[in-house]
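Trainee: I should like a close look at a single part of this structure. Please choose one region and describe how its pieces are arranged and what surrounds them.

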Amino acid sequence: MARKILFVIHGIGQRAPDDAVDKPRFAAENWPGDVITNFLELAGKHAPGVDIGLNPGPTGIKVVPLHYCDIIIEQLERWDSLGDKNVADAVARQFPGLPTQFVDVLRDISTADAPFFWRGGVDILLYRVFHDIAIRSHVRAQVTRTLFDNAVNGVLPACGFITHSMGTAVMHDVLAEIFANPIEFGGFVNMDIDIYVSLANVSKILENVANPQKSPVRPFGAPGIGRARCRAFVNAHHESDPVPYLGLFNPDWSTTTTPYRDVRIERITQPNTHAYEGYLENPRVWIPIFRTLLETPISKADADALIDEYDATPPPACAQALDDLRASVKRIAEAWKNRAGAVGTWQFVVELTKARRVLAEAKARCFGAAGGVEGML
Amino acid sequence: MILTTVLFLTQQTLLATSSAMPAASPRLTPFVSAAALGRCEDPWGASPPLTGKTRAVHPDGLRERFARSIAAKGWATAFAGYAAVIDTTLDRLGSPSSSDFDQLRRALRTATDSTAIGLARALQRPPAELAAALSELDINQFRPVTNLDGNLIILQSNRIPLGVPLDSTKLSADQFESICWSGWSLHRLLANVNFETIPGALARIEAQERRWERYRTQGPMQLPHEMLLNRAKRLVVRPKGSSRFNPPRLDLVAVHPFAGIELVRVDGAVNPESSVAAELGGATFWFNDWKHHVGATWVIAYDLDGRIGRGPLVRLGGYVTAGLLSRRDAGGTSRKSLLITLDALRLLKPDVVPQAVRQAQGIAGEVLDRLPPR
């Protein structure tokens with residue numbers, strides 16, 4: 001039992017090591033890595049009186065990692081094209097009925113990009129094209145079972161969501177589907193969402209259920225279809241992270257008349273600007289979570305001081321690599337913008353695969369191939 | 001009838017609250033932080049104080065007071081009773097008048113009045129529609145919460161997106177506590193109404209998940225183009241109602257190559273021989289809550305000599321799929337053989353091939369005996 005639940009969901013590229021016996025299960029159980037550990041360390045430091053953790057007391061806040069990577073890995077294990085260097089040809093072989101233009105788009109992924117496709121980009125196709133309903137069912141079952149198990153005296157616990165990368169699309173679709181179908185999903189439609197945090201949101205381009213800028217997964221007061229469901233909504237995007245540019249999530253919700261915060265991050269503290277951990281360690285992101293869900297009193301002055309302290313962190317000593325990263329991201333963002341709406345899942349997969357290589361190269365130039373924050377790279 | 005109930009409960013409340021001691025509550029602990037608006041925790045589980053102006057609106061006290069209605073699931077009556085007690089209590093705390101408290105009291109009264117009417121209507125709808133009706137009422141609005149700026153608010157909803165500030169520095173201790181406890185009381189009661197629909201919904205959700213798991217792991221392996229085909233089929237023939245959340249009942253099979261074993265009769269004995277085959281087209285049908293599936297396809301198969309056999313193939317679920325092939329031998333005579341297939345993944349299990357052969361021989365022994373010798 002817990003008083004509140006903080007759901008945390010992953011993005012693409014969650015894989016198990018080669019020596020794992022049951023790879024889907026291993027990845028599902030171990031994906032949070034440092035994401036939750038680091039967040040709990042922050043809580044220990046800035047909210048010492050709050051009982052938060054994976055197994056808190058009955059009045060505490062329970063952190064629940066959600067997963068769908070097991071379905072993706074399970075599917076990939078069934079297909080033997082995993083790791084094929086020539087992605088387009090492999091896909092063309094596996095999808096004989098696929099129109100040529102789709103395959104041609106994939107040919108734009110160079111051989112050098114191929115590992116990034118099979119270790120991540122393919123996840124998007126598996127969610128967006130094949131397994132969307134199964135994945136939503138999988139995540140929905142985890143969310144509702146957790147809420148039910150932690151209900152006390154017939155009251156569901158309040159909850160919060162932290163979502164990242166493709167997890168923003170999956171979580172949005174799961175919730176939007178619940179809210180749109182009260183006859184099927186009963187009282188879960190009335191779950192009490194204290195805060196919804198999206199990091200590097202891609203739900204606009206990948207949604208399968210409803211437009212995330214109009215769906216019920218929006219802050220109270222924001223215009224849209226159906227009733228809004230979120231007491232607070234934080235959308236964080238790093239200026240040098242190419243993924244949110246490609247994701248196209250850019251709602252025009254008011255930050256004065258609705259409980260919405262658009263967090264734009266400029267400072268590069270490490271070259272993997274898309275990393276889950278990188279977003280969550282930023283006080284602009286975690287302070288709203290602490291204030292709403294953890295009910296930690298952090299004054300404006302304290303918040304400003306924490307942000308200043310964070311921003312004073314010296315950047316990695318690889319200025320040229322970071323400048324190149326900024327320039328590359330700018331080019332990717334411009335090129336995407338210049339497509340003038342001619343974008344879809346397939347084009348997104350191609351551009352994301354390239355973008356991930358850009359991030360990986362910056363990381364390698366700063367820290368070497370094995371250094372720095374891995375995140376979802 | 002509702003009005004009568006409200007009046008009756010109001011009378012009861014007036015009697016009850018008039019006997020309460022006007023002492024300040026010892027339970028009030030407004031937390032004055034840098035954010036300066038206080039803290040309002042759920043007092044559930046902590047017994048209401050024996051005395052004090054606010055004790056009447058303590059969640060445990062209200063629940064005990066309306067226990068009979070709650071036990072009988074007379075939710076509308078209980079809510080009206082709660083609202084009446086709260087209204088009376090807040091009225092008593094409203095003098096001397098304070099604009100901040102008056103604003104809160106009015107907002108709370110507006111919300112409880114509209115919720116009382118909406119709840120009564122919602123409860124008259126069929127049980128399956130209860131959750132939807134409750135969602136239109138923003139039933140969570142009564143829970144005091146902390147907002148993005150770290151300030152305490154209440155009545156946050158679609159109607160009041162930023163909520164109404166609950167500022168301990170602008171209210172007396174009793175006023176603050178009464179609003180706080182009233183909010184929690186109403187929230188708990190409405191959450192209980194909503195919870196009536198939860199077990200059924202969870203059962204449906206988990207049943208769906210189990211179906212998908214069986215579909216993914218126990219069905220015939222689909223190649224990517226078949227998944228694409230079946231996904232497209234779902235877009236064309238859109239499922240309705242609950243079917244939208246379940247796996248498909250019917251899957252198409254198309255151009256699906258596989259490794260197979262042909263059982264042929266040679267010199268009076270049945271010999272297994274490897275074969276390369278492809279299902280050209282067909283379908284798989286799921287039944288019994290996606291616990292079983294059957295399928296039928298048309299296949300072509302090449303034996304080791306490269307001769308082509310054609311025939312129907314039937315999938316009965318489990319490990320083995322059996323087909324009856326006919327092909328012409330070198331002498332131009334039509335021959336029949338039994339084809340069994342194994343999904344590629346299952347070939348990795350060392351015991352599958354002999355098991356499959358045994359199964360096939362057992363199932364089709366009679367058929368094989370009647371085949372002409374090759």
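Mentor: A helix here is a DSSP run of H or I with at least four residues, and helices are numbered from the N terminus. The model is predicted, and the part I have chosen is the pair α13 and α14 of chain A, with the loop between them.

Helix α13 of chain A covers residues 283–292, and helix α14 of chain A covers residues 300–311. Their axes come within 10 Å and cross at roughly 150 degrees. Because angles over 145 degrees count as roughly antiparallel, α13(A) is roughly antiparallel to α14(A). The crossing of α13(A) past α14(A) is right-handed.

The contact between the two helices can be described residue by residue. From α13(A), the participants are A:P283, A:R284 and A:I287, and they meet A:A303, A:L306, A:I307 and A:Y310 of α14(A). By class, this contact of α13(A) with α14(A) comprises six nonpolar residues, one charged residue and no polar ones.

The loop between α13 and α14 of chain A contains A:L293. A:L293 counts as buried because 28 other C-beta atoms lie within 10 Å, where the cut-off is 20 or more. Leaving aside residues up to four places away in sequence, A:L293 touches A:K4, A:L6, A:I61, A:G160, A:D194 and A:I195. For one of these partners, A:I195, the separation from A:L293 is 98 residues in sequence, while the C-alpha to C-alpha distance is 6.9 Å.

Terms used: Residues are numbered from 1 along each chain as its sequence is written. Chains are lettered from A and ligands numbered from 1 in the order in which they are written. This is a predicted model: local features need pLDDT of at least 70, side-chain atom pairs count only at pLDDT 80 or more; totals for chains, interfaces and linings use all residues. Axes are lines fitted to C-alpha atoms, for helices over the stretch in contact, and angles run from 0 to 180 degrees between N-to-C directions. Angles under 35 degrees count as roughly parallel, over 145 as roughly antiparallel, 65 to 115 as roughly perpendicular and the rest as oblique. A crossing is left-handed if the near helix is turned anticlockwise from the far one by less than a right angle, and right-handed if clockwise. Two residues are in contact if their C-beta atoms, placed from the backbone, lie within 7 Å. Ala, Val, Leu, Ile, Met, Phe, Trp, Tyr, Cys and Pro count as nonpolar, Asp, Glu, Lys and Arg as charged, and the others, Gly among them, as polar. A residue is buried if 20 or more other C-beta atoms lie within 10 Å of its own, exposed if 12 or fewer, and partly exposed in between; C-beta atoms are placed from the backbone.
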